[in-house]
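Dear colleague,

I am passing a structure on to you, and below it you will find notes on what turned up when I went through it. Please read them with the coordinates open beside you.

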Protein chains: 2
Amino acid sequence: MMIAGPYLLYLGHSDDEVGIKTSRGLAVFRRELCVGEFRHHDCPLTLSLPRMGFPEAVTAGAKTLVLGIANAGGMLGADLVRDAVAAIEAGLDVASGLHNRLRDEPALVDAAARHGRKLHDVRDPRPDIPIGNGKPRAGKRLLTVGTDCSVGKMYATLCLETGMRARGMRADFRATGQTGILIAGGGVPLDAVIADFISGAIEQVSPARDDGGWDLIEGQGSLFHPSFAGVSTGLLHGAQPDALVLCHDPVREHMRGLPHYQLPGLKQTLEANLAVARLTNPAVQAVGVALNTSKMTREAAERLCADTADELGLPCTDPFAMGVEPIVDRVVSCFGA
Amino acid sequence: MMIAGPYLLYLGHSDDEVGIKTSRGLAVFRRELCVGEFRHHDCPLTLSLPRMGFPEAVTAGAKTLVLGIANAGGMLGADLVRDAVAAIEAGLDVASGLHNRLRDEPALVDAAARHGRKLHDVRDPRPDIPIGNGKPRAGKRLLTVGTDCSVGKMYATLCLETGMRARGMRADFRATGQTGILIAGGGVPLDAVIADFISGAIEQVSPARDDGGWDLIEGQGSLFHPSFAGVSTGLLHGAQPDALVLCHDPVREHMRGLPHYQLPGLKQTLEANLAVARLTNPAVQAVGVALNTSKMTREAAERLCADTADELGLPCTDPFAMGVEPIVDRVVSCFGA
């Protein structure tokens, strides 16, 4: 995928913090690629980037408008299309991770053709994904798994990449969702892959490697989420993980989108994930727990991490707030540096 | 899906018994809908139906040529296209369950337009599949699960439909694969659904029912098949099964297509499936084991069924060769008639 940077990040009319998670992910992990944010007057959110219109952004060097928002149903609304056409007319390419495709919107296709700009649909899987074969392959792989969707798997994985590289280890983030793909510049939009090809898609995005380095694979969903556990299962099998990191949001009250489903326990989640992972890698081990403590006081967060570490016998941290050192230490002690 | 019967079943040049399983499934379970078979001189296989060319089939009343074969990769080869064009010119519609779509083959689209015939791609999922919600729904559901792919789940499910109806029970087969869909006249091609929608597709194809009857849902893949376990997981969650029937092929030497993977044990398979199923229906029970004993002597088959029943504490039978009575007895004793 060749999306030209730097980016202008779109917030539009959004007033939903979760809805702008793709724009925020880019602002957090690829800030050097982001020249500004575009938002309407009624948008109360900000990524603390300079606010810009489209012509200003072009003047500031922006090459692509990233529609890093998700409104209800992942649809392209009329507002969004109007803004994207204006961006194209000002000289920007447009990239989107929404379910609805830019290429299916005639107004965008027309504008892009007229102005010689590109449209990037990040959620289009490549056409040559194979059926998974489960054959053992070289290299070390770490996969983040979770009690639920949206509990911090991508953040944990990206923080591990930074932390392992800081120790001089070879480590590469492998993206499996649209935000991760935009951050990494490549990957597979796993939720858009045809069901028969889930594990094959992961074998393809994280192929054998023999340089002694790690692939750090972004997890998706949860084995305990009734809507998406099939994706999580195929991801575990395709990843053949040597190491699992369990991710959890301690203040989540029920499974995302399903008030009638409680979250599973951490121990139960870990055991289920290890059992599924053993099919393709019998030697898989858990190496840590990552908590998203952004809604807790620092003191409460530290206490919870200590208690969780005691309970599970694994290092536990908030990777974004407290760093990944304890987990990297465990990786090194289990697998070497 | 409105595919006009009766059918002419296509064998073409096939010399692979497994490759003609869709044609054979129709010949076995919907023989009254099949007027004949089409095969070339080099085809050593037969369904014991009258052999016919296309004009003869039309004269005999056939309305649709069913391309019930699967060659390597599910492709439409040049031979197949040539034959299908000839069938259209003779006055037949064409139906296919292959991965490659009839509608993507210009020669077929042209011929169908010229002659006013229809092309049916059975592997096209409907466009309005929802995300699964896991909400408990009314009705009783039985799901077949397996140690591997292609171990007799569809046959067992269809035989259960016949056996339960013979007892005066309401019972309806719910198809999840192309052969089952052609047999039932509807269903969902689960392996062609987008990964995020696997469980939702099953909730849609087997909705709440309040007539006291059973939905008998055709299983797919295996939790222990590294290529397809994601499909099996989402299917278990979407089905919310009250009852599981475990299917197995006793002479299978390794997981289908994967010589480096051994088959799991029956007890292990059952326990894993019950554990996954409990997420959406904590009351799920196993009600029987179905063995495909077609490659064994009757005596060896009966001994194996008796031994398996003892070992697992469940009724065990070959549904196709010996009937489903013991399993239906168990269903009645667990859930009433």
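How far apart do the C-alpha centres of domain 1 of chain A and domain 2 of chain A lie? Before the answer, please keep in mind that this is a predicted model. The two C-alpha centres lie 28 Å apart, and the domain assignment behind that value places domain 1 of chain A at residues 7-121 and domain 2 of chain A at residues 140-335.

The domain contact within chain A

Where these two domains meet, domain 1 of chain A contributes 14 residues to the contact and domain 2 of chain A contributes 12 residues. Together they bury about 1200 Å² between them, with 66% of that area on carbon and sulfur atoms. On the side of domain 1 of chain A, the residues that lose the most area to domain 2 of chain A are A:Thr22, A:Phe29 and A:Arg30, which together account for 42% of what that side buries.

As for polar interactions, the rule finds zero salt bridges across the interface of domain 1 of chain A and domain 2 of chain A, while two residue pairs are counted in polar contact between these domains, both at pLDDT 80 or more. Helix 1 of chain A, residues 21-29, gives the most to the side of domain 1 of chain A that touches domain 2 of chain A, namely seven residues. By class, that side of domain 1 of chain A is made up of seven nonpolar, three polar and four charged residues.

There is also a record to set beside the domain assignment: in an unreviewed entry, UniProt lists residues 131-328 of chain A as "domain: D-glutamate N-acetyltransferase-like C-terminal". In the model, the end C-alpha atoms of residues 131-328 of chain A lie 33 Å apart, and the span is 38% helix and 15% strand.

The contact between the chains

Turning to chain A and chain B, the contact takes 33 residues from chain A and 33 residues from chain B, and the area buried between the two chains is about 2500 Å², with carbon and sulfur atoms giving 60% of it. Within the area that chain A buries against chain B, A:Ala195, A:Asp196 and A:Leu279 supply 21%, more than any other three residues.

Between chain A and chain B the count is zero salt bridges, whereas 15 residue pairs are in polar contact, both residues of each pair being at pLDDT 80 or more. Two elements give two or more residues to the side of chain A that touches chain B, and these are helix 7 (198-205) and helix 8 (229-239) of chain A. Helix 8 of chain A gives the most to this side, with six residues. Sorted by class, the side of chain A that touches chain B holds 18 nonpolar, 12 polar and three charged residues.

Salt bridges and local backbone features

Over all chains, the count of salt bridges comes to 48. One that you may wish to look at joins the side chains of A:Arg101 and A:Asp124, at 2.7 Å from N to O. This pair links distant parts of the chain, 23 residues apart, with A:Arg101 in the loop between strand 4 (93-96) and helix 4 (106-115) of chain A, and A:Asp124 in the loop between strand 5 (119-121) and strand 6 (140-146) of chain A.

A cis peptide bond joins A:Gly5 and A:Pro6, with omega about -5 degrees, and A:Pro6 lies in the segment before strand 1 (7-12) of chain A. In chain B, the peptide bond from B:Gly5 to B:Pro6 is cis, with omega near 0 degrees, and B:Pro6 is found in the segment before strand 1 (7-12) of chain B.

Finally, B:Ser48, a residue other than glycine, has a positive phi value near 60 degrees; B:Ser48 sits in the loop between strand 2 (34-39) and helix 2 (54-59) of chain B.

With kind regards

Key. Residues are numbered from 1 along each chain as its sequence is written. Chains are lettered from A and ligands numbered from 1 in the order in which they are written. This is a predicted model: local features need pLDDT of at least 70, side-chain atom pairs count only at pLDDT 80 or more; totals for chains, interfaces and linings use all residues. Side-chain values use heavy atoms; hydrogens and water are left out. Domain bounds come from an automatic or database domain assignment. Contact means heavy atoms within 4.5 Å. Buried area is the accessible area (1.4 Å probe) that two parts lose on being put together, summed over both. A salt bridge is a side-chain nitrogen of Lys or Arg within 4 Å of a carboxyl oxygen of Asp or Glu. A polar contact is a pair of N or O atoms within 3.5 Å; within protein, one must be able to donate a hydrogen and the other to accept it, and residues adjacent in sequence count only if both atoms are side-chain atoms. Helices (H or I, at least four residues) and strands (E, at least two) are DSSP runs, numbered from the N terminus. Ala, Val, Leu, Ile, Met, Phe, Trp, Tyr, Cys and Pro count as nonpolar, Asp, Glu, Lys and Arg as charged, and the others, Gly among them, as polar. UniProt positions are given in the numbering used here, feature names are shortened, and annotations may be inferred rather than shown by experiment.
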